[in-house]
Amino acid sequence: MFAKVLVANRGEIALRIIRACRELGIATVAAYSTADAHSLPVRSADEAVRIGPSAARQSYLSIPNIIGAARKTGADAIHPGYGFLSEDPYFAEICQEHGITLIGPPPGVMDVLGDKASTRRVMRDAGLPLLPGTLSPVASAGEAERIAGEIGYPVIIKASAGGGGSGITVVRDPGSLPSALAETRATAQTLFKDPSVYLEKYLSPAHHVEIQVVCDSHGGAVHLGERDCSVQRRNQKLVEEAPSPRVDDDLRARMGRAAVDGAVAAGYQGVGTAEFLLDDDGEFWFMEVNPRIQVEHPVTELVTSLDLVREQIRIAAGERLSVHQQDVRMHGHAVECRVNAEDPDRGFAATPGTIEEYVVPGGPGVRVDSHCFPGCTVPPNYDSMIAKLLVWAEDRDRALDRMGRALDEYRVEGRGMATTIGFHREVVDHPVFRRGAACTDFVRQLRES
């Protein structure tokens, strides 16, 4: 097992990793930017080291600064959390060259899965169902027009190196394709330093269902059931739940088998997620693999009683999976709402600022993963997440009632700040969401109604 882990991230996930390390008896180092000097992760870790100014490119995305911090503090492993460098194969290689273990999949696997087009080829060869589209980056506008004409509109253009809901454009008619292609390539170059894009048939309405997989370096591989993440804004998730109200035992077994087959085919090690689109008839199609711990991992933890970050660290240290597939049992129902400093009435625009009043909900079945406290600042430099509010109950109706109660208790006040708490209350009470019928366009329809 590791002696010391450097946490190359911030916010709630940094705190989550520090807590898991502490329970494993591992010392921790919080790597922080100037903006996070007074944050809870910095106060909670055994050591803290500043890695640069507030700008992410000069701190949380600076490989030399992070490697330097790990060497200076004697850390033998780095946990990248999610976002920032968590899916960067070059960072994984540099860690390897310095004899530091990156808690994530091997660089070669990350390299394959980081290119969404190449991932489609791997998954096709493993027998996973794919939506019609390209298996390589589109070379020209003419090729894109020909392929879109073959698979039929609407189509979706995706950045090959994309993630987090960015670098995606839906095209509904041939006349819009050339400009959409150029804009998506420019966005991909800006965000991911790679202008490559590929095409898929756009499926709507659809449900976003993902399967949590865990693989060790000894050939062990299991799935931990599904999460339903259909409630999204701008392709980014807002509400997640497990199990999905659209998935029965038979479908769960088939999707789980597909996810594990895909992970094994890619040589995966660690915790990861295979994402699928699901239609109302129970047909599903592979979208992509996220080779990291995800924001929504706690809903799976609540229904399986497994600590996924602990499992991730153990596997990175060379240990075997702690469970076999036959041991995995989902019990009860869990729901997660992302509480962000955003104004839903202004297109979910970020509203950073200082939190003046902060009252956290509690009681039976309530979990809050947060790094915030009264007087802390939500800086404008990073993601606007304040907390992940989670509930668990014996069944879905009770879980949703409990989430409503918890949202009513949650108070986050600050000058000029807005949050998504009221929006989530609206979602939890909405009849479409209540009957488990929300699709990926649910938020758009809700805001336009």
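Where is the place of K193? K193 sits in the loop between α8 (177–192) and β8. Keep in mind that what follows describes a predicted model.

## Backbone oddities

Let's stay with that residue for a moment. Most residues other than glycine have a negative phi, and most peptide bonds are trans. K193 goes the other way: its phi is positive, about 60°, although K193 is not a glycine.

Then there are the cis peptide bonds. One runs from S204 to P205, with omega near 0°, and P205 belongs to the loop between β8 (197–201) and β9 (207–215). Another cis bond joins A242 and P243, with omega at about -5°. P243 is found in the loop between β11 and α9 (249–265).

## The parallel sheet

Strands of a sheet pair through backbone hydrogen bonds, either parallel or antiparallel. Here, five strands make an open sheet with parallel pairing, and the order across it is β3-β2-β1-β4-β5. The edges are β3 (47–52) and β5, each of which pairs on one side only.

Zooming in on one pair, β1 (residues 4–7) and β2 (residues 27–33) run parallel and are joined by four bridges. If you want a spot to look at, try V7, whose bridge partner in β2 is A30.

## Helices α4, α5 and α6

Two packed helices are described by the angle between their axes and the distance between the axes. For α4 and α5, the axes cross at roughly 175° and come within 8 Å. An angle over 145 degrees counts as roughly antiparallel, so that is the label for α4 and α5. On the α4 side, P89, A92, E93 and Q96 do the touching, and they meet P107, M110 and D111 of α5. Sorted by class, this contact of α4 with α5 has four nonpolar, one polar and two charged residues.

Next up is α5 (residues 107–114) against α6 (residues 116–125): they pack at an angle of about 100°, and their axes are 5 Å apart. Angles of 65 to 115 degrees count as roughly perpendicular, so α5 and α6 fall under that heading. From α5 the contact takes V112, L113 and G114, while α6 brings in K116, S118, T119, V122 and M123. The class split for the contact of α5 with α6 is four nonpolar, three polar and one charged.

## Cavities

Rolling a probe the size of a water molecule over the atoms shows where empty space is left. Searching the whole structure turns up four cavities of 30 Å³ or more. The largest cavity holds about 80 Å³ of space.

Who lines the largest cavity? There are 14 lining residues, and D228, S230, E241, F433 and A438 are the ones nearest its centre. Strands β10 (221–233) and β11 (236–242) each put at least two residues into this lining. As for chemistry, the lining of the largest cavity has six nonpolar, three polar and five charged residues.

## The second largest pocket

Among the pockets, the second largest has a volume of about 270 Å³. Its lining counts 18 residues, with T101, L102, G104, P105 and P106 nearest the centre. Two or more lining residues come from each of α4 (89–97), β5 (101–102) and α11 (308–316).

How many residues of each class are in the lining of the second largest pocket? The lining divides into 10 nonpolar and eight polar residues, with no charged ones.

Definitions and conventions
Residues numbered from 1 in each chain as written. Predicted model: local features only at pLDDT ≥ 70, side-chain atom pairs only at ≥ 80, totals over all residues. Heavy atoms only, no water. 1 Å grid on protein atoms, 1.4 Å probe; cavity = no way out; pocket = protein on both sides within 12 Å on 5 of 7 lines; lining within 4 Å. Points joined across faces, edges and corners; volume = space filled by probe spheres on them. Nonpolar A, V, L, I, M, F, W, Y, C, P; charged D, E, K, R; others polar. Axes fitted to C-alpha atoms, helices over the stretch in contact; angles between N-to-C directions. Parallel < 35°, antiparallel > 145°, perpendicular 65-115°, else oblique. Contact = heavy atoms within 4.5 Å. Pairing = 2+ DSSP bridges.
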